[in-house]
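User: Please take one part of this model and go through it closely, keeping the reasoning visible as you proceed. I would like a connected account rather than a list.

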Amino acid sequence: TTLMWPNQRDAFDFCAYYPHREEATRASIPMPDLSAQTGKLENIGTFDFLTAKRSCKFTDNSGNVSFTAEYAFSHQYSLLLITLLKNSGDATTELKKATFEGSNAFGKHTYSFSAPEGMTAVPEALANKLELGLNEAIADEGSTQLAVLVNPAQAEQILKFSLSYQRDGISYTASTQAIKRAFASGVCYKYKIRIEKEQLS
């Protein structure tokens, strides 16, 4: 549908977001479901959510509205990149399952261009846990990476990370609570976690 400027004199607010949702309104845009993540970096785009907003007049750019430079799209979720390593000389480590736990870290939200806070939690869709099936091995001095989007949080919170793995035919489950911070929108947080025999460091 061709959109027309109401007039060529006044400034108007333009809002944009991705990915598109047919049922969305300016005040309520369903955001992707973080509880369905796979942990793979190549799939992050499926769950990412970006927004942009600017005010301009027809005369600012011959009627073209551009979301670039200071008006470029910004990420609303936080990105967590975890590199899993093992000690040199240790037996091949077979990864089975990774679990993240945090207060509504993966619950559904809606986004509103009308509200100052932007994101609003959907009360009936709170999610404190994300489980990822891994089924891969780390051999020699190798590593593997997990990529997970997290709901931002202004207050510091602990995101507990647990890993189930097998080594020399023995199964282990180890946890760490070292991922402790306030998660900001649009920020990537990187951690390296080393798998010891019976613990994570």
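**The cysteines, the sheet and a histidine**

Analyst: Cys-188 has a relative accessible area of 36% and is therefore partly exposed, a value that, like the others here, comes from a predicted model. Cys-56, by contrast, is buried, with a relative accessibility of 3%. A search of the whole structure finds zero disulfides, and for Cys-56 the reason is distance, because its closest cysteine sulfur, that of Cys-15, lies 11 Å away, too far for a bond.

The sheet to consider next is an open one of three strands, ordered β10-β5-β15, with mixed pairing. Its edges are formed by β10 (143-150) and β15 (188-195), each of which has a single partner strand, so one side of each has no neighbour in the sheet. On average, and with direction ignored, neighbouring strands here are turned by 20° against each other. Between β5, which spans residues 78-86, and β10 the pairing is antiparallel and runs over eight bridges; Leu-85 is found opposite Ser-143 of β10.

His-109 belongs to strand β7, residues 109-111, and is buried, with 10% relative accessibility. Its side chain reaches two polar partners: the backbone oxygen of Gly-107 at 3.0 Å, and the side chain of Asn-151 through a polar contact of 3.5 Å. Beyond its neighbours within four places in sequence, His-109 is also in contact with residues including Ile-29, Pro-30, Met-31, Met-119 and Val-122.

Terms used: Residues numbered from 1 in each chain as written. Predicted model: local features only at pLDDT ≥ 70, side-chain atom pairs only at ≥ 80, totals over all residues. Heavy atoms only, no water. Disulfide = S-S within 2.5 Å. Buried < 20%, exposed > 50% of the residue type's maximum accessible area, 1.4 Å probe, protein only. Pairing = 2+ DSSP bridges. Helix = DSSP H or I, 4+ residues; strand = E, 2+ residues; numbered from the N terminus. Axes fitted to C-alpha atoms, helices over the stretch in contact; angles between N-to-C directions. Polar contact = N/O pair within 3.5 Å; in protein donor to acceptor, adjacent residues only side chain to side chain. Contact = heavy atoms within 4.5 Å.
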